[in-house]
Amino acid sequence: MSELRSFDASLELYRRAIEVIPGGSQTNSKRASAYALGAYPIYAQNADGARIQDVDGNWYIDYVLGLGPITLGYCYPEVDAAIRAQLERGIVYGLMSPLEVEVAETVCEMVPCAEMVRFLKGGAEVTTAAARIARTHTGREVILNSGYRGWADGWLAQSTGMEKGVPDCLGGIIDSFARPDLDSLRAKLEQHAGNVAMVALDPATGGNRVPDGYHQGVRDLCDEHGALLMYDEIVTGFRMAAGGGQEYFGVTPDLACFAKGAANGMPLGIVCGRADVMRRAIDDTVISITYGGEALSLAAGMAAMNVYRAEPVFETIWANGARLMAGFEELGAKHGVPLHCHGYEPMSSQTINYDDPAVSRDAWTLLLQEMAQRGVLLRRGGLLFITYCHRDAEVEETLAALDESLAVIAEAVDEGTVADRLRVTEVKESFRSFA
Ligand SMILES: Cc1ncc(COP(=O)(O)O)c(C=O)c1O
């Protein structure tokens, strides 16, 4: 490794940010303290394909990828051309855009449960819309949920330690169940018998592999109790398969939500599902936003979906994800670092587990620091995402950087110098405290 990369321009911007932006960031998971503040870039100014450039001019192979929306790669030519072409014709009208019809028809072709579709923006919006639709359709109040669905009151009222600022009275309308444990869901359905509108989960269950039969078991329990099943496909959608986790697992929910990945970085949220459920609920309640038919995102979504259908996007992501996971396991073993991979190839997570949790945490921070120095951006928690643009060169460069970084970690652990080698000023775990 040559001279140390500097993060001076990033740190100067951050110094200004924390004076005017609470937390310094718009997104909790992007907070500088969630990475390795002082030893990791904070601000980006450019990106291309699988790579991103920070404001100090350093380039990196990126595995954070906007926290998930970039599936094809940054500045993907077909998507950017579609955005530019639409920009010449206007962004949002008081009339509707034909793209609304084209993208809705395309979603219905791609996604098994989709018979009707509505467009919103972020993940919290679509999952909140799904809850509204389910409550309207069933006339029931309670939602059983497992996992993060966004920052809206209705989701955070679940007892997860994130309910500050959320009215206590909402506590009764949401309850959680443990995954992947059918007995836990069965017990909650029985506890709230006759009042469960919807069961919500992300089909890859918080990053771990799902036991065979789990999803069919959930489907059967929902049917037995008259509850709708909603898949939050915000991470799995347009990533595990063209039709999301429901296509991959072969189980069709009643409703599904998509956001990240739908439009390769543009804000396009999708709530879709059974026509009878969607039509009646949308007529009987209010789900409506000014930007629902915003045409730049729809143009990007249409172009991205055309690429998803025409090219081996998901096969490539799975294959390269598999090579990375195998490489991480092999190199962990080679260096005697307890680094392990979990979950599914397009969106895997990694853990480093020493007996002492403080050493595990510091070893992660050291890994972030050392990989950043070698031109690779990981996130605490691992690889998480890859794009269609992560190809042989990126896989090889990443594994070469990991080989060197794990050698540093192994030596530091042997010497008991892990914490001393960190050039960070502050470290915090990710804000999400539950699976
Ligand atoms: C599975 C899942 N659902 C919902 C959300 C919320 O999405 P957004 O941040 O766009 O509101 C996220 C965000 O990370 C997510 O991972």
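Two strands pair if DSSP finds at least two bridges between them. The exercises below use a predicted model.

**Exercise 1. The four-stranded sheet**

Task: State which residue of S13 is the bridge partner of Asp62, and work out where S13 stands in its sheet.

Solution.
- Step 1. Begin with the sheet as a whole. It is an open sheet of four strands in the order S1-S2-S3-S13, and the pairing is mixed.
- Step 2. Look for the edges. Strand S1 (44–48) and strand S13 (376–377) are the edge strands, each pairing on one side only.
- Step 3. Take the pair at the S13 end. Strand S3 (residues 59–62) runs parallel to S13, and two bridges link them. Leu377 of S13 is the bridge partner of Asp62.
- Step 4. Take the pair of S2 and S3. Strand S2 (residues 51–54) is antiparallel to S3, with three bridges between them. Here Ile52 has Tyr60 of S3 as its bridge partner.
- Step 5. Inspect the turn. The hairpin of S2 and S3 has four residues between the strands, and Gly57 in this hairpin has a positive phi near 95°.

**Exercise 2. The seven-stranded sheet**

Task: Give the strand order of the seven-stranded sheet and identify its edge strands.

Solution.
- Step 1. Read the order. This open sheet runs S4-S10-S9-S8-S7-S5-S6, with mixed pairing.
- Step 2. Find the ends. Strand S4 (116–120) and S6 each have a single partner strand, so one side of each has no neighbour in the sheet.
- Step 3. Note the twist. From one strand to the next it averages 20°.
- Step 4. Examine one pair. S4 and strand S10 (residues 269–273) run antiparallel and are joined by five bridges. Within this pair, Val117 has Cys272 of S10 as its bridge partner.
- Step 5. Add the helix. H4 lies across several strands, among them S4, strand S7 (196–201) and S10, and its direction is at about 25° to S10.

**Exercise 3. Two helix pairs**

Task: Classify the packing of H11 with H13 and of H4 with H9 as roughly parallel or roughly perpendicular.

Solution.
- Step 1. Recall the description. Two packed helices are described by the angle between their axes and the distance between the axes.
- Step 2. Take the values for the first pair. Helix H11 (residues 313–335) and helix H13 (residues 392–415) cross at roughly 25°, and their axes come within 10 Å.
- Step 3. Apply the cut-off. Angles under 35 degrees count as roughly parallel, so H11 is roughly parallel to H13. The crossing of H11 and H13 is right-handed.
- Step 4. List contact residues. H11 contributes residues including Asn320, Leu324 and Phe328, while those from H13 include Val395, Leu399 and Leu406. By class, the contact of H11 with H13 has nine nonpolar, five polar and two charged residues.
- Step 5. Turn to the second pair. Helix H4 (residues 123–138) and helix H9 (residues 275–284) have axes 8 Å apart and an angle of about 95°. Angles of 65 to 115 degrees count as roughly perpendicular, so H4 is roughly perpendicular to H9.
- Step 6. List the residues of this contact. Ile133, Thr136 and His137 come from H4, and Val277, Met278, Arg280, Ala281 and Asp284 from H9. They divide into four nonpolar, two polar and two charged.

**Exercise 4. The two domains**

Task: Describe the domains of the chain and the contact between them.

Solution.
- Step 1. Take the bounds from the domain assignment: domain 1 covers 8–74 + 312–421, and domain 2 covers 92–293.
- Step 2. Note the spacing. The centres of domain 1 and domain 2, taken over C-alpha atoms, are 29 Å apart.
- Step 3. Count the contact residues: 13 residues from domain 1 and 14 residues from domain 2.
- Step 4. Sort the domain 1 side. Where domain 1 touches domain 2 there are seven nonpolar, six polar and no charged residues.

**Exercise 5. Unusual backbone values**

Task: Locate the cis peptide bond and a residue other than glycine with a positive phi.

Solution.
- Step 1. Recall the background. Most residues other than glycine have a negative phi, and most peptide bonds are trans.
- Step 2. Find the cis bond. The peptide bond from Arg179 to Pro180 is cis, and its omega is near -5°. Pro180 is in the loop between strand S6 (174–176) and helix H6 (182–191).
- Step 3. Find the positive phi. Cys75 has phi near 50°. Cys75 is in the loop between S3 and helix H2 (77–87).

Technical notes:
Residues are numbered from 1 along each chain as its sequence is written. This is a predicted model: local features need pLDDT of at least 70, side-chain atom pairs count only at pLDDT 80 or more; totals for chains, interfaces and linings use all residues. Domain bounds come from an automatic or database domain assignment. Two residues are in contact if their C-beta atoms, placed from the backbone, lie within 7 Å. Ala, Val, Leu, Ile, Met, Phe, Trp, Tyr, Cys and Pro count as nonpolar, Asp, Glu, Lys and Arg as charged, and the others, Gly among them, as polar. Axes are lines fitted to C-alpha atoms, for helices over the stretch in contact, and angles run from 0 to 180 degrees between N-to-C directions. Angles under 35 degrees count as roughly parallel, over 145 as roughly antiparallel, 65 to 115 as roughly perpendicular and the rest as oblique. A crossing is left-handed if the near helix is turned anticlockwise from the far one by less than a right angle, and right-handed if clockwise.
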